[in-house]
Amino acid sequence: MLSSSSISTYASQTHLTYPKTLAQVVQELDHNLFDTYIKPKSKTLTAIVQRGVLDPDIDWYESDRPTEIRPYMFEILMFLVHVHAHVSSVSKSLLDRTMSTLVEEVAENALLCFKRVKKFGMGGMLRVLLECSVLGRMD
């Protein structure tokens with residue numbers, strides 16, 4: 001007959017864990033569902049940022065002083081507005097979490113893309129500052 005101590009010893013030797021609590025299962029489901037929703041949105045935003053920042057038609061060194069926001073920034077804003085409307089209609093309690101995660105993804109991807117630019121001139125640096133200030137106001 002097995003005793004509780006022999007079961008514990010067997011479990012620790014075989015790296016088995018005791019059954020998860022309901023809260024742990026719910027937390028895992030929440031995490032999985034959230035990731036499933038966020039990943040395609042994040043992928044779309046990453047593609048928009050990459051197209052905008054790494055656009056071969058932009059010469060970051062010879063760029064003139066910016067006078068307007070480039071179209072990819074509006075594309076990001078419109079995408080986020082669409083996500084905001086969708087999440088608001090489903091669950092307002094998920095709105096902050098969703099939007100914060102996506103805006104953070106945009107900022108991280110923008111940083112990665114800007115790091116890939118070899119050289120910036122004054123106009124290019126001003127454009128980066130302008131675009132980053134727009135990103136900063138999204139959150």
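This passage walks through helix 3, the salt bridges and a surface patch in a predicted model.

Helix 3 is a good place to start. It runs over residues 71–90, which makes 20 residues, and at 1.5 Å a residue these should span 28 Å. The C-alpha atoms at the two ends sit 29 Å apart, so the expected span and the model agree. Next comes the question of which residues of this helix are hidden. Tyr72, Met73, Ile76, Phe79, Leu80, Val83, Val87 and Ser88 are the buried ones in helix 3. Around the axis they take up an arc of only 165°, which means that they lie on the same side of helix 3. And what does the covering? Helix 2, helix 4 (95–116) and helix 5 are among the parts that cover these buried residues. Go round to the face turned away from the buried side, and the exposed residues Pro71, Met78, His82 and Ser89 turn up there.

Now for the charged pairs. Searching the whole structure gives three salt bridges. One of them joins Asp30 to Arg97, with 2.9 Å between the closest N and O atoms. Asp30 belongs to helix 2 and Arg97 to helix 4, so this pair ties together parts that are 67 residues apart in sequence. Neither partner is tucked away completely: Asp30 is partly exposed because its relative accessibility is 34%, and Arg97 is partly exposed too, with a relative accessible area of 30%.

Another salt bridge pairs Arg51 with Glu75, and here the closest N and O atoms are 2.7 Å apart. This time helix 2 supplies Arg51 and helix 3 supplies Glu75, so the parts being tied together are 24 residues apart in sequence. Arg51 has a relative accessible area of 48%, so it counts as partly exposed. Glu75, at 35% relative accessibility, is partly exposed as well.

The remaining pair is Arg70 and Glu131, whose closest N and O atoms are 2.7 Å apart. It links distant parts of the chain, since Arg70 sits in the loop between helix 2 and helix 3 while Glu131 is in helix 5, 61 residues away. Are these two partners buried or exposed? The cut-off for buried is under 20% relative accessible area. Arg70 comes in at 10% relative accessibility, so it counts as buried. Glu131 has a relative accessible area of 1%, so it is buried as well.

Glu131 deserves a bit more attention. Its home is helix 5, which covers residues 122–136. Setting aside the neighbours within four places in sequence, Glu131 is in contact with Trp60, Arg70, Tyr72, Met73 and Phe114. Arg70 on that list is also the salt-bridge partner of Glu131, and Tyr72 and Met73 have already come up as buried residues of helix 3.

Finally, there is something to see on the outside. Val25, Leu29 and Leu33 make up a nonpolar patch on the surface, and together they have about 280 Å² of accessible area. Leu29 from this patch lies in helix 2, which runs over residues 22–53. With a relative accessible area of 49%, Leu29 falls in the partly exposed class, because exposed would take over 50%. Helix 2 therefore shows up in several parts of this picture: it carries Leu29 of the patch, it holds Asp30 from the salt bridge with Arg97, and it helps cover the buried residues of helix 3.

Methods:
Residues are numbered from 1 along each chain as its sequence is written. This is a predicted model: local features need pLDDT of at least 70, side-chain atom pairs count only at pLDDT 80 or more; totals for chains, interfaces and linings use all residues. Side-chain values use heavy atoms; hydrogens and water are left out. Helices (H or I, at least four residues) and strands (E, at least two) are DSSP runs, numbered from the N terminus. Contact means heavy atoms within 4.5 Å. Patches are made of residues with over 30% relative accessible area and no salt bridge: like charges are joined within 9 Å, nonpolar side chains (Val, Leu, Ile, Met, Phe, Trp, Tyr) within 5 Å. Accessible areas come from the Shrake-Rupley method with a 1.4 Å probe; for residues, only the protein chains shown count as cover. A salt bridge is a side-chain nitrogen of Lys or Arg within 4 Å of a carboxyl oxygen of Asp or Glu. Buried means under 20% relative accessible area, exposed over 50%, partly exposed in between (1.4 Å probe, protein chains only). The expected span of a helix is 1.5 Å times one less than its number of residues. The arc is that of the directions from the helix axis to the C-beta atoms.
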